[in-house]
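Thanks for coming, everyone. Let me put the model up on the screen, and then we'll walk through it together.

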Amino acid sequence: MGTEVRGKVLLTGGSGFIASHILDVLLDQNFEVVVTARSHEKGQRIVSSIEGPLAKNVSFVVVNDVAKDGAFDDAVRADPPFDYVIHTASPYHFNVQDPERDFLDPAIRGTKGILNAVKVGAPAVKRVVITSSSAAMLNPTNHAKVYDESFWAPMTWEEALKPQNTYRASKVFSERAAWDFVESEKPHFDLAVINNTYTFGPIPRHLPHLSAMNTSNHRIRDIVQGKMRDIIEPTAPVFTFVDVRDVALAHVRAMTIPEAGGHRFYTVGGYFSNKRLADIIRTFYPELEDRLPPVEAADDFPDEVYGFNNTRSKEILGLEYTGLDASVRDTVQSILKSGLDQ
């Protein structure tokens with residue numbers, strides 16, 4: 001591994017689950033990284049989690065509200081200038097009290113804001129990579145036989161304001177806003193988008209407590225904590241997963257590979273069910289047996305489930321997907337190692 005810096009990257013949403021792994025990949029590949037954080041304390045926690053010689057290549061800037069006008073205007077200006085931007089900052093949680101305020105505004109305004117800020121204030125940026133979601137593609141009430149990047153989730157603004165639809169809507173509208181911006185504004189940079197499905201994998205080093213864990217990993221956390229010992233929660237509506245380390249690598253390769261520009265990438269590694277998660281945990285961590293549901297518990301994985309076509313991510317980004325066993329094993333190991341599982 002050489003020591004020469006390959007370029008400078010602005011990584012938004014730096015305290016997030018996916019961003020923490022993107023940061024690791026960027027640093028391992030000799031990029032200088034500036035992360036955005038909502039507070040000085042969160043930024044410091046991110047930077048302090050990096051040890052050794054790579055620590056000198058990471059810093060942070062505070063962006064306390066991504067939905068504010070001009071939120072990123074100062075963040076994108078740097079000397080030396082940024083070469084790339086990876087935008088992961090967007091809400092993902094189930095505590096929706098005001099759909100517009102809690103989800104739609106931050107996602108849509110944040111996406112438009114970062115793109116406009118780069119257009120105006122960061123002329124050296126070659127490409128922006130945005131974290132979207134498979135939620136921007138899937139139609140849960142009428143699944144396609146096989147999904148690929150050509151699919152968009154059907155969504156109206158009226159439907160978006162229903163709390164059960166708000167997360168999906170935020171991804172649909174914010175991603176469409178990004179593609180529309182590039183089409184209408186013709187900026188000096190191009191765009192690539194990562195549409196990842198439910199994302200499992202090792203928790204961030206700087207995670208203060210398990211309640212701050214990414215939502216997709218909650219089901220693994222809950223099994224480890226014994227919360228599904230008596231009743232396994234339903235797996236639906238999503239039965240596909242991807243490992244966060246594959247998602248992180250996808251972002252960095254989408255940033256650097258010329259042919260990735262102008263494309264969405266459906267990143268999905270395979271299928272899962274909550275029963276399968278529990279069985280994998282039982283296999284690798286027999287000491288957790290008394291926290292796990294019975295071996296004979298029913299598996300709700302459906303006989304017929306929608307297919308996925310992740311060919312583009314394999315052919316252009318060269319992804320080789322992590323299997324479910326390894327992803328769950330490593331996730332649980334990170335939870336146990338953190339000491340936060342009690």
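Let's start at asparagine 195, which stands opposite tyrosine 266 in strand 10. Before I go on, a word on the source: this is a predicted model, where local features need pLDDT of at least 70, side-chain atom pairs count only at pLDDT 80 or more, and totals for chains, interfaces and linings use all residues. Residues are numbered from 1 along each chain as its sequence is written, and side-chain values use heavy atoms, with hydrogens and water left out.

Back to our pair of strands. Valine 193 stands opposite arginine 264 in strand 10. Strand 7, residues 190–196, and strand 10 run parallel and are joined by 4 bridges. For the record, strands pair here if DSSP finds at least two bridges between them. Strands are DSSP runs of E with at least two residues, helices are runs of H or I with at least four, and both are numbered from the N terminus.

Which way do the residues of strand 10 point? Arg264 and Tyr266 go one way, Phe265 and Thr267 go the other, and all are buried, buried being under 20% relative accessible area, exposed over 50% and partly exposed in between, with a 1.4 Å probe and protein chains only. In a regular strand the side chains alternate between the two faces of the sheet.

Now zoom out to the sheet. It is open, with 7 strands in the order 3-2-1-4-5-7-10 and parallel pairing. Strand 3 (58–62) and strand 10 (264–267) are the edges, each pairing on one side only. On average, neighbouring strands in this sheet are turned by 20 degrees against each other, direction ignored. Axes are lines fitted to C-alpha atoms, for helices over the stretch in contact, and angles run from 0 to 180 degrees between N-to-C directions.

Next, the helices on this sheet. Helix 3, residues 99–121, lies across strand 1 (8–12), strand 4 (84–87) and strand 5 (127–131), at about 175 degrees to strand 4. Helix 5, residues 166–185, touches strand 5, strand 7 and strand 10, and makes about 160 degrees with the direction of strand 7. Contact means heavy atoms within 4.5 Å.

On to empty space. Rolling a probe the size of a water molecule over the atoms shows where empty space is left. How many cavities of 30 Å³ or more does the search of the whole structure find? The result is 1, and the largest cavity has a volume of about 70 Å³. On a 1 Å grid over the protein atoms alone, a cavity is a set of points where a 1.4 Å probe fits but cannot get out; a pocket is an open set with protein on both sides within 12 Å along at least five of seven lines; and lining residues have an atom within 4 Å of a point. Grid points are joined across faces, edges and corners, and the volume is the space filled by probe spheres set on the points.

The lining of the largest cavity includes His87, Thr111, Ile130, Lys171 and Glu175. Helix 3, strand 5 and helix 5 each supply at least two lining residues, with helix 5 giving the most, 3 residues. By class, the cavity lining has 3 nonpolar, 6 polar and 2 charged residues; Ala, Val, Leu, Ile, Met, Phe, Trp, Tyr, Cys and Pro count as nonpolar, Asp, Glu, Lys and Arg as charged, and the others, Gly among them, as polar.

The second largest pocket has a volume of about 410 Å³. Its lining has 19 residues, and Pro202, Ile203, Pro204, Arg205 and Ser334 lie nearest its centre. Helix 10 gives the most to this lining, with 5 residues.

There is also an open sheet of 3 strands, in the order 8-9-11 with mixed pairing. Strand 9, residues 240–243, and strand 11 run antiparallel and are joined by 2 bridges, with phenylalanine 241 partnered by glycine 270.

Last stop: glycine 269, in the loop between strand 10 and strand 11 (270–271). Is glycine 269 buried or exposed? In between: it is partly exposed, because its relative accessible area is 26%. Not counting residues up to four places away in sequence, glycine 269 touches Phe241, Val242, Phe308 and Tyr321. Happy to take questions!
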